[in-house]
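I opened my notebook to look at a new structure. I wanted to start with the ligand and then move on to the helices.

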Amino acid sequence: MHANYIAGHWVEGDGITRNINPSDTSDVVGVYTQATLSQVDDAIAAAEAAAPAWGSTTALQRADMLDAIGTELIARKDELGRLLAREEGKTLAEATGEAWRAGTIFRFFAAEAVRLRGDRLPQLRPGVDVDITREPVGVVGLITPWNFPLAIPAWKIAPALAFGNTVVLKPAELVPGCAWALADIISRHGVPPGVFNLTMGRGTVVGQAILDDPRVAAISFTGSAATGKRIAEAAMRRLAKVQMEMGGKNPLVILDDADLDRAVDCAVQGSFFSTGQRCTASSRLIVQRGIHDRFVSAMKTRMDSLRTDNALLPGTDIGPVVDARQLQQNEDYLRIGRDEGATLVHGGERLRRDTDGFYFSPALFTDCDNSMRVCREEIFGPVAAVILVDSYEEALAVANDTEYGLSAGICTGSLKHATHFKRQAQVGLVTVNCPTAGADHHAAFGGRKGSSYGSREQGTYAAEFYTTV
Ligand code: ADP
């Protein structure tokens, strides 16, 4: 039984979560207790009590702890990657990479802690100096999703602690194992009791309690747009600082002058890696007429060679989807796409493998129109829709015709079009001749329109949210 971590102690709650391996539903990864409401209250009280002393530690003390946490994550990346692959279903290679990345993020923010700067402004009145300083916000509530169960908590916890805040983390119900492993590591590197707390449980219970508590000064959330709107409303009601990363309906534009092999690489990685369960996944492939047929045919050939199988097998390219609900959602969208008149040219089948899991082959639709639901709604699975266009101008217009604005990519040999697209795509992250993706961890991550709310995450930019001026 894995317990919650509250005020420096491991405490058992009452409800139980069993996380199931989506590659093999007979494999229970672990058993985790859910925090009770009074334990959530204890965690917030502990975080509040610990905040003044933690905020007064030196940046170097905090940096040393974060560095040690990051170093342990990196040293244990294979073991943690295995846990992640078993719990969430991304391939072992992707999962190990994510564990490494989580460690690197802690080490990055160790260095950021000692770089936080203020300002001294010139005098406007004789003898009066004006100093601008950045101070900790206080208790921050972190609510995280299942799709990056190590990296997303890491990129919230690390800057929160680096800049002197105390933390209550509520991880997604499907992935308590990775959160527990992170808490276990954090608990062993000198972080004082109450500074970091883990409260596992349901969003509508544990998450909501954190959200509604006036002692929690700031909330950072990553998850679905629907939940994000509820979080925003609750935070606004009590004027808490809030930062939200939600969905995407990310376009990858492929122009006639693109390198075909490269464009196919970008589309396959962007649409299907991590089983398409990424808010930055390319779900709309906007393809110019002159390359369209060659692109579709090359995609089909490449997709033939992708192995969808158990995430823990070395030959697997695409792991299972995370659970039965996601599997159903993918299948629903296949039906919706067909009913709307899109043509399914590859994949989209439930697969049987040696173990009983949520296997679904990557799916490619053609003959799509941007008004179709498969082009407007986030599917969060390995389903991509090809939209035919006649010009760069039309491609840009289609790319921007969405309520979302997280990431966008363009494959082209034209510097003029690439440069124009970088400025005009209404998103937070633009890639050129690369798959749509999240930013490297030293850059700003976040989007525009319905994808994000509040200031950017990661990199130097994270200080905006985790400090107050
Ligand atoms: P998904 O549907 O992919 O699980 P969600 O946006 O529902 O995505 O979940 C993201 C995170 O938000 C999870 O940790 C979840 O438990 C949490 N959550 C869901 N509902 C609420 C809520 N009402 N208040 C606070 N947190 C919530």
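**Entry 1: the ligand shell.** I sorted the shell around the ligand by class and got 5 nonpolar, 8 polar and 3 charged residues. (Ala, Val, Leu, Ile, Met, Phe, Trp, Tyr, Cys and Pro count as nonpolar, Asp, Glu, Lys and Arg as charged, and the others, Gly among them, as polar.) I noted that this is a predicted model: local features need pLDDT of at least 70, side-chain atom pairs count only at pLDDT 80 or more, and totals for chains, interfaces and linings use all residues. Residues are numbered from 1 along each chain as its sequence is written.

Which residues come nearest to the ligand? I found G203, G207, G223, S224 and T227, out of the 16 around the ligand. (Near means a C-beta atom, placed from the backbone, within 6 Å.) I saw that α7 (203-212) and α8 (225-237) each supply at least two residues of this shell. Helix α7 gives the most, with 5 residues. (Helices are DSSP runs of H or I, at least four residues, numbered from the N terminus.)

**Entry 2: α4 and α5.** I looked up how α4 (residues 92-113) packs on α5 (residues 151-162): the angle is about 15° and the axes are 9 Å apart. (Axes are lines fitted to C-alpha atoms over the stretch in contact, and angles run from 0 to 180 degrees between N-to-C directions.) That makes α4 roughly parallel to α5. (Angles under 35 degrees count as roughly parallel, over 145 as roughly antiparallel, 65 to 115 as roughly perpendicular and the rest as oblique.) From α4, the contact includes I105, F106 and F109; from α5, it includes W155 and P159. (Contact means C-beta atoms, placed from the backbone, within 7 Å.) I listed 12 nonpolar, no polar and 3 charged residues for this contact.

**Entry 3: α2 and α4.** I turned to α2 (residues 59-75), which packs with α4 at about 165°, with axes 7 Å apart. The two helices are therefore roughly antiparallel to each other. Among the residues in contact are L66, I69 and L73 of α2 and W100, F106 and F109 of α4. I wrote down 14 nonpolar, 4 polar and 3 charged residues here.

**Entry 4: Y392.** I found Y392 in helix α13 (residues 392-400). Is Y392 buried or exposed? Y392 is buried, because 20 other C-beta atoms lie within 10 Å. (Buried means 20 or more such atoms, exposed 12 or fewer, partly exposed in between, with C-beta atoms placed from the backbone.) Y392 touches L255 and H417, not counting residues up to four places away in sequence.

Technical notes
Two residues are in contact if their C-beta atoms, placed from the backbone, lie within 7 Å.
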